[in-house]
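Got the viewer open? Let's take a walk through this one, stop by stop, with something to select at each.

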Amino acid sequence: MTSRKHTLNMYRFRPVWAVLVGWALALAGCNMWDKPPTHSVGHKHKHVGVEEGTHLRYQEPDRYTWQYPERVIKALKLEPGMKVADLGSGTGYFTFRLAEAIGSSGKVFAIDIDAEMNASIDKQAVAKQMDNVKTILAVEHDPLIPEKVDLIFSVNAYHHLKDRADYFKNAARYLKPGGRVAIIDFREGAFRHFTARSVLLQEFKTAGYALDKSHGFLPRQNFFVFSRAKN
Ligand SMILES: C[S@@+](CC[C@H](N)C(=O)[O-])C[C@H]1O[C@@H](n2cnc3c(N)ncnc32)[C@H](O)[C@@H]1O
């Protein structure tokens with residue numbers, strides 16, 4: 001038979017056990033979600049709105065310390081008058097830097113499937129008085145670039161795309177002769193969403209491109225430049 005003292009002890013310890021088990025489950029859950037997924041093709045970020053506080057999404061000041069935007073732009077060897085597609089342009093972190101590099105005689109097509117992102121870029125283009133930036137509302141499987149470009153440039157968007165070898169096989173028709181594709185995306189383990197180097201290189205090979213350059217100066221991302229492979 002259960003004594004009154006034993007019953008009291010059980011009630012006293014139950015909340016303690018409940019808290020301990022709760023913590024253990026919470027910790028297990030955190031570890032599970034913190035682990036990078038093995039493959040993150042075509043995922044969508046939770047929509048948190050384009051403007052948060054005074055910062056535009058994707059434009060935190062901290063990004064400067066690992067994104068090295070000036071070095072990236074320099075490495076692209078852009079010339080005045082060039083036409084560039086910024087694929088998955090978001091809130092324009094690179095769009096306006098590209099637009100400055102190619103000057104008023106050039107054009108940057110800011111390509112995104114999210115109309116709210118494009119609206120943010122349109123607003124900034126007006127404020128900055130830059131009429132060499134044009135936003136394009138793309139569809140998932142096609143960037144819908146309105147004319148041929150010298151460069152398709154994409155930062156942190158590659159892992160969002162689906163059927164990427166087909167995507168870039170199709171996108172080749174938007175490149176001028178000698179045109180290039182530059183892809184910057186997170187390295188394996190650098191962020192929850194990433195594209196493994198070997199996967200990205202294989203997909204471009206399958207899509208019919210040759211690797212021109214692999215830049216190693218970005219601490220968190222791979223940075224590759226491709227052109228159409230010669231048969
Ligand atoms: C992580 S953000 C990167 C934004 C910007 N390139 C930057 O570096 O700040 C990825 C962007 O890709 C866009 N995106 C996702 N899938 C896309 C697709 N199939 N075509 C064009 N844009 C896409 C998203 O809407 C989002 O704005």
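Start by selecting residues 83-87 and 149-155, which are strand 3 and strand 6. These two strands run parallel to each other, paired over 4 bridges. To see the register, show Ala85 as sticks and look across to strand 6: the residue opposite is Ile152. Keep in mind that this is a predicted model.

**Widen to the sheet**

Now bring in the rest of the sheet. In what order do its strands lie? Reading across, the order is 5-4-3-6-7-9-8. That makes an open sheet of 7 strands, and the pairing is mixed. Colour 133-137 and 209-215 next: these are strand 5 and strand 8, the two edges. Each has a single partner strand, so one side of each goes without a neighbour in the sheet. Turn the view to look along the sheet and you can follow the twist, which averages 20° from one strand to the next.

**A helix across the sheet**

Select 115-128 for helix 5. This helix lies across strand 4 (107-112) and strand 5. Against strand 5, helix 5 runs at about 165°.

**Over to helix 7**

Select 197-206, which is helix 7. Which of its residues are buried? Show Leu200, Glu203 and Phe204. Look down the axis of helix 7 and these buried residues fall within an arc of 95°, so they line one face of the helix. Flip to the face turned away from that buried side, and you meet Ser198 and Gln202, both exposed.

What covers the buried residues of helix 7? Add helix 6 (164-171), strand 7 (175-186), strand 8 and strand 9 (221-228), which are included in the cover. Then step past the end of helix 7 to Gly208, where phi is positive, near 95°.

**The ligand stop**

Centre on the ligand and select its surroundings. There are 19 residues around it, and the ones that come nearest are Tyr58, Gly88, Gly90, Tyr93 and His160. Colour the shell by residue class and you get 11 nonpolar, 5 polar and 3 charged.

**Zoom out**

Finally, show the whole chain as a cartoon. How many helices and strands does the chain have? The secondary structure comes to 7 helices and 9 strands. Colour by burial and 34% of the 231 residues count as buried. If you pull up a contact map, look at contacts with a separation of 6 or more: 70% of these join residues 24 or more positions apart.

How values were computed:
Residues numbered from 1 in each chain as written. Predicted model: local features only at pLDDT ≥ 70, side-chain atom pairs only at ≥ 80, totals over all residues. Near = placed C-beta within 6 Å. Nonpolar A, V, L, I, M, F, W, Y, C, P; charged D, E, K, R; others polar. Pairing = 2+ DSSP bridges. Axes fitted to C-alpha atoms, helices over the stretch in contact; angles between N-to-C directions. Contact = placed C-beta atoms within 7 Å. Buried ≥ 20, exposed ≤ 12 C-beta atoms within 10 Å, placed from the backbone. Arc of directions from axis to C-beta.
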